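This report describes one protein chain, beginning with a single residue and its surroundings and then widening to the chain as a whole. The sequence and the coordinates are shown below.

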Amino acid sequence: MSTTPAPPTPALRADCANCFALCCVALPFAKSTDFAVNKAAGTPCKNLKEDFRCGIHTRLRDKGFPGCTVFDCFGAGQQVSQVTFGGRDWREHPGTARQMFDVFPVMRQLHELLAYLSEALTLPAAAPIHADLRQALATTTAATEADAATLIPFDVGALRQEINTLLLKTSELVRATSPARRKNHRGADLMGARLRGADLRGATFRGAYLIAADLSGADLRKADLIGADLRDTNLRDADLREALFLTQPQLNAAHGSPATRIPPTLTRPSHWA
């Protein structure tokens, strides 16, 4: 088996100090329970300060912007700001604004894929396909290094389809011996489902709607949660230590407790009781 290390990848954690507040400008949002106002894509949020900092960062939930607290760019913001555009911000160089705002959503998707691939490469059970995963990682990393003109029309969807095949195989290999491996909830509507205390080790919830579901005390080790909607999901006292492809935004959107066990690579959300 090859022991060639995976190629270096861009930083996959947001570094807001090195980003020109792209998530606060490039992306649109609609007035809802997640956002207090409407905002068009390419328009700075009314709470954005001149130094690219949020004026209500510590009070986002209180001020009606919980949607901001669950967003994560996986490091795409600083990649676009400091690498793609070489540190030229859209205020001092307004001619870059349109391209920068168009590149950001593409880069965010690429960085999300890099995060999934990087996790897959840490899983011993996925060793049979590590070579393919490393190749996909190299391809995706190369895409993040392209210039704006190349990135804007880049077909992320096609790349995602190729990578999803590898991630699905990774999931199957890791879950192969888990008790609930045959529980297939892929894309299922489980909104409000009562799964408290359930043994869900190795179950798949890929793309499932778990909005406001009760998973308190559930055992979700090795459960595949890629793309699962965990908004307002009750994860109090649940065990997520070895959950597959769980992301920080998913945790941020859910409710947990001090007893909720999470992977060491993720951070316990500040709003969890």
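## Surroundings of Trp90

Leaving aside residues up to four places away in sequence, Trp90 is in contact with Phe20, Leu22, Val25, Pro44, Leu48, Phe52, Thr96, Ala97, Met100 and Phe101. The model in which these contacts are found is a predicted one.

## Nonpolar cores

The largest nonpolar core has 47 residues, and within this core Leu22 and Trp90 touch the most other members. At least two residues of this core come from each of helix H2 (76–84), helix H3 (97–120), helix H4 (130–144), helix H5 (148–151) and helix H6 (156–175). The greatest contribution is that of H3, which supplies 13 residues.

A second core is separate from this one and holds 27 residues, including Ala203, Phe205, Leu240 and Ala243.

## Leu27 in the N-terminal segment

Leu27 lies in the segment that precedes helix H1 (66–69). Residues up to four places away in sequence being excluded, Leu27 touches Leu22, Lys39, Ala40, Ala41, Phe71, Phe104 and Pro105. One of these partners, Leu22, is also one of the two residues that touch the most other members of the largest core.

Leu27 and Asp102 are 75 residues apart in sequence, while the distance between their C-alpha atoms is 9.3 Å.

## Helix H2

How many of the nine residues of H2 are buried? Seven are, so this helix is largely enclosed by the rest of the structure. The buried residues in question are Ala76, Gly77, Gln78, Gln79, Val80, Ser81 and Thr84.

These buried residues of H2 pack against H3, H4 and H5. Just after the helix, Gly86 adopts a positive phi of about 55°.

## Glu112 in helix H3

Glu112 is located in helix H3. Is this residue buried or exposed? Its relative accessibility is 13%, and because buried means under 20%, Glu112 counts as buried.

With residues up to four places away in sequence left out, Glu112 is in contact with Phe74 and Arg160. Phe74 is 38 residues from Glu112 along the chain, yet the C-alpha atoms of the two are separated by 6.0 Å.

## Overall architecture

The secondary structure of the chain consists of seven helices and zero strands. Read from the N terminus, the order of elements is α-α-α-α-α-α-α. The radius of gyration is 19 Å, close to the 19 Å given by the globule rule for 273 residues, so the chain is as compact as a globular protein of that length. Along the principal axes, the C-alpha atoms fill a box of roughly 55 × 50 × 25 Å.

Of contacts between residues at least 6 apart in sequence, 45% join residues at least 24 apart.

## Burial, surface and charge

Buried residues make up 48% of the 273 residues of the chain. The accessible surface amounts to about 13300 Å², and 52% of this surface belongs to carbon and sulfur atoms.

The chain carries 32 positive and 27 negative charges, and the mean positions of the two sets are 5 Å apart.

Terms used: Residues are numbered from 1 along each chain as its sequence is written. This is a predicted model: local features need pLDDT of at least 70, side-chain atom pairs count only at pLDDT 80 or more; totals for chains, interfaces and linings use all residues. Side-chain values use heavy atoms; hydrogens and water are left out. Helices (H or I, at least four residues) and strands (E, at least two) are DSSP runs, numbered from the N terminus. The radius of gyration is taken over C-alpha atoms; the globule rule is 2.2 Å times the number of residues to the power 0.38. Buried means under 20% relative accessible area, exposed over 50%, partly exposed in between (1.4 Å probe, protein chains only). Contact means heavy atoms within 4.5 Å. Accessible areas come from the Shrake-Rupley method with a 1.4 Å probe; for residues, only the protein chains shown count as cover. Lys and Arg count as positive and Asp and Glu as negative; His and the chain ends are not counted. The place of a charge is taken as NZ of Lys, CZ of Arg, CG of Asp or CD of Glu. A nonpolar core is a set of buried Ala, Val, Leu, Ile, Met, Phe, Trp, Tyr and Cys residues joined through side-chain atoms within 4.5 Å.
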